[in-house]
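Biologist: I am new to this structure and should be grateful for a close look at one part of it. Please describe the first helix and its surroundings.

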Amino acid sequence: MKESFWAIMIVGLGIMSIFLVYYFQTVTNTSEHNYELLKETTEAAMFDALDLAAYRNDETVRIDQEKFVASFLRRFAQDATLSHTYKISIYDVHEQPPKVSLKVDTFDMGVAFSLGTDQTRMALSNRIDAILETKYEKD
């Protein structure tokens, strides 16, 4: 009888460890996907928002704030995972020199738990501060 309880405990621990490995793998993949998506989308949106007229006139590198926000949201929405809820916070957009500060909170649809009457949802946060760098050689 004693050996059967040990067998049940080992099987239970095995199932629990498989669940924990799956959970942490999902969290890690989600965080990595969101960071790469945030980084690539920010860079592409900054290049989309470059003010070419200002560069042609007096060779200043600047971005248009409205174009950046529109391009960022469009690009992020195209590649975002549909099984998550996102909250995008744009803290700072400097037009010249081009600098942006963003934060994306990701809420998993399936991960929520209740403590009493309050429902709590776990969020993964990714933050990026980006400066547009260009290769500039003035003769």
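Modeller: The account below follows helix H1 and the parts that meet it.

This is a predicted model, in which local features need pLDDT of at least 70 and side-chain atom pairs count only at pLDDT 80 or more, while totals for chains, interfaces and linings use all residues. Residues are numbered from 1 along each chain as its sequence is written, and side-chain values use heavy atoms, with hydrogens and water left out.

Helices (H or I, at least four residues) and strands (E, at least two) are DSSP runs, numbered from the N terminus. Helix H1 comprises 47 residues, from 2 to 48. At 1.5 Å a residue, H1 should span 69 Å, and its end C-alpha atoms are indeed 69 Å apart; the expected span is 1.5 Å times one less than the number of residues.

Several residues of H1 are buried, including Thr30, Asn34, Leu37 and Leu38. Buried means under 20% relative accessible area, exposed over 50%, and partly exposed in between (1.4 Å probe, protein chains only).

Helix H3 (residues 65–79) is one partner of H1: the two axes come within 9 Å and cross at roughly 145°. Axes are lines fitted to C-alpha atoms, for helices over the stretch in contact, and angles run from 0 to 180 degrees between N-to-C directions. Contact means heavy atoms within 4.5 Å. Among the H1 residues that meet H3 are His33, Leu37, Thr41 and Ala45, and the H3 side includes Phe68, Phe72 and Phe76. By class, this contact has 8 nonpolar, 4 polar and 4 charged residues. Here Ala, Val, Leu, Ile, Met, Phe, Trp, Tyr, Cys and Pro count as nonpolar, Asp, Glu, Lys and Arg as charged, and the others, Gly among them, as polar.

Leu37 also has a partner beyond H3. Ala80, in the loop between H3 and strand E1, is in contact with Leu37 and Tyr86, leaving aside its neighbours within four places in sequence. Ala80 and Leu37 are 43 residues apart in sequence, yet 7.8 Å apart in space, C-alpha to C-alpha. Ala80 counts as buried because its relative accessible area is 18%.

Strand E2 (residues 99–115) holds Thr106, whose side chain is joined to that of Asn34 by a polar contact of 2.7 Å. A polar contact is a pair of N or O atoms within 3.5 Å; within protein, one must be able to donate a hydrogen and the other to accept it, and residues adjacent in sequence count only if both atoms are side-chain atoms. Thr106 is buried, with a relative accessible area of 3%. Apart from neighbours within four places in sequence, its contacts include Thr30, Asn34, His84 and Met122.
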